[in-house]
Amino acid sequence: IMSSQFRPVLDHIMAEIDRTPGRGRSADYIPALAARDPRRFGMAVAEPDGTVYGVGEWRQPFSTQSITKVFTLALDLAREGDELWEHVGREPSGNPFNSLVQLEYESGIPRNPFINAGALVVTDRLQTRTGDAAGELLAFLRAESGNDALDFDLEVAASETANGDRNAALAHFMASYGNIDNDVPVLLDQYFRQCSVAASCADLALATGFLARHGIRADGSRLLSRSQAKQVNAVMLTCGTYDAAGDFAYRVGLPGKSGVGGGIIAVVPGRCTLCVWSPGLDERGNSVAGVAALDRFTTLTGLSVF
Ligand code: GLN
């Protein structure tokens, strides 16, 4: 497929999605997200050279949530390399994203960097190395998307803090095994601000570009080695949609990462990056219309890693 053919493909998907009933329910664990209409939809495709196409509400900022876990992983891996893997695993968990159950018999080492426990470890390590993990993330997203207006949504962050018992429990439990460096309240503040970043499909498709460019940032500098970029893509494929990662690989066939704000990013290595947003979620916390749209994209274009 030629790049100019992305536009008709996106138009086709948009028309199909508009006709599809049953779009799931928007996240309701914090009031700041519960107000979103599950039928809203946007989708963007970015090419490695920074050309970006979109349909629907592709320029509408939404709550990125767990999508940011990809960027903190990359930023920390770039700094500390393989030492990270002594503190967090890289196997799918088969459990919900906020689960505590595996942590005890695995001695405080979370299964992977994309469940909440693993993301807390990554943010903790990035915090130790930079003194401002969320600020580091925001600067990276602004630079890669070319959008200096990207910011935290402090209302969402405050809402997460007020309803943060479960993430606090995960952090304290791992701290009891010595797998958290920073004071738990400091870590939680960083993590909740990280989750609160508001960005659009266009911003996130562009910011994910380094994973399609095998580790090269928008300005041509290298963030990750080619091998590390492959590693991040692999962990996205196997763990990026939690206990639905098998089904996502089956339907979409791309490295992907979802968030409870209803966004999903996906990577076609060497070819393009995608971001889709629709707030209606399934019971595993993945956007219903988002997965459907990515499924249609890889089916219509033949672009998958398989
Ligand atoms: N802020 C959410 C949480 O920590 C992120 C979860 C998600 O997007 N899956 O529970």
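This passage describes the nonpolar core, helix packing, ligand surroundings and selected individual residues of a predicted model.

The largest nonpolar core contains 97 residues. Within this core, Ala44, Cys201, Ala205, Val232, Leu274 and Leu294 touch the most other members. Helix α14, which spans residues 288-301, supplies the largest share of the core, namely seven residues. In soluble globular proteins, nonpolar side chains tend to be buried together. When residues up to four places away in sequence are left out, Ala205 touches Ala44, Val45, Ala46, Val52, Thr273, Leu274 and Cys275. Two of the core members named above, Ala44 and Leu274, are thus among the contacts of Ala205.

Helix α6 (residues 133-145) takes part in two helix pairings described here. In the pairing with helix α9 (residues 184-196), the two axes come within 8 Å and cross at roughly 20°. Because angles under 35 degrees count as roughly parallel, α6 is classed as roughly parallel to α9. On the α6 side, the residues involved are Ala133, Ala134 and Leu137, and these meet Gln190, Arg193 and Gln194 in α9. By class, the residues of this contact comprise three nonpolar, two polar and one charged.

In the pairing with helix α3 (residues 68-80), the axes of α3 and α6 lie 10 Å apart, and the packing angle is about 100°. This value falls in the range of 65 to 115 degrees, and α3 and α6 are therefore roughly perpendicular to each other. Helix α3 contributes Thr68, Phe71, Thr72 and Leu75 to the contact, while α6 contributes Ala133, Glu136, Leu137, Phe140 and Leu141. The contact of α3 with α6 has six nonpolar, two polar and one charged residues. Ala133 and Leu137 of α6 appear both in the contact with α9 and in the contact with α3.

The ligand is surrounded by Gln65, Ser66, Phe97, Asn98, Asn116, Glu160, Asn167, Cys195, Gly259, Val260 and Gly285. Divided by class, this shell has three nonpolar, seven polar and one charged residues.

Positive phi values in residues other than glycine are found at Ser107 and at His214. For Ser107, phi is near 55°. Ser107 lies in the loop between α4 (101-105) and α5 (116-130). With 10 other C-beta atoms within 10 Å, Ser107 is exposed, because the class covers residues with 12 or fewer such neighbours.

For His214, phi is also near 55°. His214 is placed in the loop between α11 (209-212) and α12 (226-239). There are 18 other C-beta atoms within 10 Å of His214, so this residue is partly exposed. Residues up to four places away in sequence aside, His214 touches Arg226, Ala229 and Pro269. The C-alpha atoms of His214 and Val235 are separated by 15 Å, and the two residues are 21 residues apart along the chain.

Leu300 belongs to helix α14. This residue has 16 C-beta neighbours inside 10 Å and therefore counts as partly exposed. Apart from neighbours within four places in sequence, Leu300 is in contact with Val9 and His12. Leu300 and Leu10 are 290 residues apart along the chain, and their C-alpha atoms are separated by 9.9 Å.

Definitions and conventions: Residues are numbered from 1 along each chain as its sequence is written. This is a predicted model: local features need pLDDT of at least 70, side-chain atom pairs count only at pLDDT 80 or more; totals for chains, interfaces and linings use all residues. A nonpolar core is a set of buried Ala, Val, Leu, Ile, Met, Phe, Trp, Tyr and Cys residues joined through C-beta atoms within 7 Å. A residue is buried if 20 or more other C-beta atoms lie within 10 Å of its own, exposed if 12 or fewer, and partly exposed in between; C-beta atoms are placed from the backbone. Helices (H or I, at least four residues) and strands (E, at least two) are DSSP runs, numbered from the N terminus. Two residues are in contact if their C-beta atoms, placed from the backbone, lie within 7 Å. Axes are lines fitted to C-alpha atoms, for helices over the stretch in contact, and angles run from 0 to 180 degrees between N-to-C directions. Angles under 35 degrees count as roughly parallel, over 145 as roughly antiparallel, 65 to 115 as roughly perpendicular and the rest as oblique. Ala, Val, Leu, Ile, Met, Phe, Trp, Tyr, Cys and Pro count as nonpolar, Asp, Glu, Lys and Arg as charged, and the others, Gly among them, as polar. A residue is near a molecule or strand if its C-beta atom, placed from the backbone, lies within 6 Å of it.
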